[in-house]
Amino acid sequence: METIKPKPSKKSKTRFAKTFQKVINLRNATRIASSNGICVLVSHNKFKEDSSIHGGKSQIFERNEEDVKARNRAVMEALVAKLFASVTSIKAAYAELQMAQSPYNSEAIHAADQAVVDELKVISELKRSFLKKELDLSPQVTFMLSEIQEQQSLMKTYEITIKKLQAESEQKDSGIVALKKKLGESISFNKSLEKKLNASGSLSMFDNLQFPLLNPTHFAQFLHYTLRSIRNFVKLMIREMESASWDLNAAVQCIVDSDTKFPEPTHRSFAFESFVCKTMFEGFTADANFILHHDSLPHDKQLNHQMFEKFMKLKPVNPKIFISQNPNSTFAKFTRSKYLQLVHAKMECSLFGNLNQRKILNSGGVPDTTFFAAFAEMSKRVWLLRCLAFSLHNDVTIFQVRKNSRFSEVYMQCVTEETLFSPADMNDSAVGSGSEPRVRFTVVPGFKIGETVVQSRVYLSPPSR
């Protein structure tokens, strides 16, 4: 008799398929967890209930995944800490390398260079391990060691910085000593220059001068000392121009005609002397009110005596000290006015790189420079010469010689030591050949005191053929 096998129901087939699919999924999940270093044990009893199997697997997988992420994050933070510690060590080694350059220290340079190489090797090894996923770091230990290494590197950097600052401080101290020495030399030079100014034109010979005995000879003598101070200032001004890289020939052509020829380069100084004298002697005999600071002039004898008193009072004093103590005096006003007129703003800026002296004078102060000291001495002597002129019993007039005027030994004196024309020229001029020398320009104006003539100083041009 044939046995009849029962036919499986459709419902049992569906349950078996679902269970088999869950087992396959669980095996795949277990394999994924094992590849990350996690071993998952699954009990067959958990497959009895569908809901309990699915929930337990999900919780275990999520918890293990969070642990892996936390560990990976800690390892990456340790890696970054170690990387920054190495960079800080390289920075300290580089600073030490720079410090060893000056003064040169071969041993320190070699040690710093080796430290840089070692840290670069460490970084290279970290890079290789990271790319191959072979990092084997203990986060806590690595953090601690990296912190120690970074602090040591920072300490080394600070020590190097302190040494560098000490070296700079010592260098600045040496510079201060050198500047003090230079200042002392400048002060000595200024004192020697003042002595030279006084020695080249000492006014002590006029100490015993008496008003009733004044005569034109005293004026001529004092003019000689005044011109010496003018020449000293001109020489100083030319040196400043040369230091500022001025074109002296172009500067001379601005003073005299461009067709003026100088047989010697040193003769160019006469053009600058002419410019200074023209400025300083301008308004020489214009008005005595400015000197006396009176609204009206006194009688002639009283005027002469008051001028003589001003002459004797100002003669022995230092002009810079007098101006600083009497900024509103007529002499101080005269000096400021003449300086601003003679030394143009563009000229001062070109010579000294600024307008400090101009600003100080405009504010009522006195510049503490060699240039102004020479100018103040020159201004003082021109002022005293003017006082002396008004002290004389005779009227004083000033005159300039026109260009191309015929040379006259009565009114003129040639400023050059050598003669600019030969004896043959003199003979020709004597017979009226028309080859006599002519005045090119006036260097120092002349003066006429009553019937007495103080010769002007002129620069002559060679005779025309």
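**Strands, rings and exposed spots in a predicted model**

S2 and S6 pair in the parallel sense over 3 bridges. This is a predicted model, where local features need pLDDT of at least 70, side-chain atom pairs count only at pLDDT 80 or more, and totals for chains, interfaces and linings use all residues. Residues are numbered from 1 along each chain as its sequence is written, and side-chain values use heavy atoms, with hydrogens and water left out.

Q: Which residue in S6 stands opposite Met412?
A: Strands here are DSSP runs (E, at least two residues), as helices are (H or I, at least four), numbered from the N terminus. Two strands count as paired if DSSP finds at least two bridges between them, and S2 and S6 have 3. Opposite Met412 in S6 stands Ser456.

Q: In what sense do strand S3 and S6 pair?
A: Strands of a sheet pair through backbone hydrogen bonds, either parallel or antiparallel. Strand S3 covers residues 438–444 and shares 5 bridges with S6. Arg438 has Ser461 as its bridge partner in S6. The sense of the S3 and S6 pairing is antiparallel.

Q: How many of the residues of strand S6 are buried?
A: Buried means under 20% relative accessible area, exposed means over 50%, and partly exposed lies in between (1.4 Å probe, protein chains only). On one side of S6, Ser456, Val458 and Leu460 are buried, and on the other Arg457, Tyr459 and Ser461 are too. For strand S6 (residues 456–461), the count of buried residues is 6 of 6.

Q: Which strands stand at the edges of the open sheet of S1, S4 and S5?
A: The order of this 3-stranded sheet is S1-S4-S5, with antiparallel pairing. An edge strand here has a single partner strand, so one side of it is left without a neighbour in the sheet; the two are strand S1 (396–399) and strand S5 (452–454).

Q: What kind of aromatic pair do Phe281 and Phe447 form?
A: Rings of Phe, Tyr and Trp (its six-membered ring) pair if their centres lie within 6.5 Å; planes under 30 degrees apart count as stacked, over 60 as edge-to-face and the rest as tilted. Phe281 sits in the loop between helix H7 (268–280) and helix H8 (289–292) and Phe447 in strand S4 (residues 446–449), so the pair ties together parts that are 166 residues apart in sequence. Both residues are buried. With centres 5.8 Å apart and 70° between the planes, the pair is edge-to-face.

Q: Why is the pair of Phe331 and Trp383 classed as it is?
A: Phe331 lies in helix H11 (residues 330–342) and Trp383 in helix H14 (residues 370–391), 52 residues apart. Phe331 is buried at 2% relative accessible area, and Trp383 is buried at 3%. The ring centres are 6.1 Å apart and the planes stand at 55°, so the class is tilted.

Q: Is Ser245 buried or exposed?
A: Most residues other than glycine have a negative phi. Ser245, however, has a positive phi, near 60°. Its place is in the loop between helix H5 (216–243) and helix H6 (248–255). At a relative accessible area of 66%, Ser245 is exposed.

Q: What is the relative accessible area of Asn404?
A: Asn404 is in the loop between S1 and strand S2 (412–414). Phi of Asn404 is also positive, near 70°. Asn404 counts as partly exposed, and its relative accessible area is 42%.
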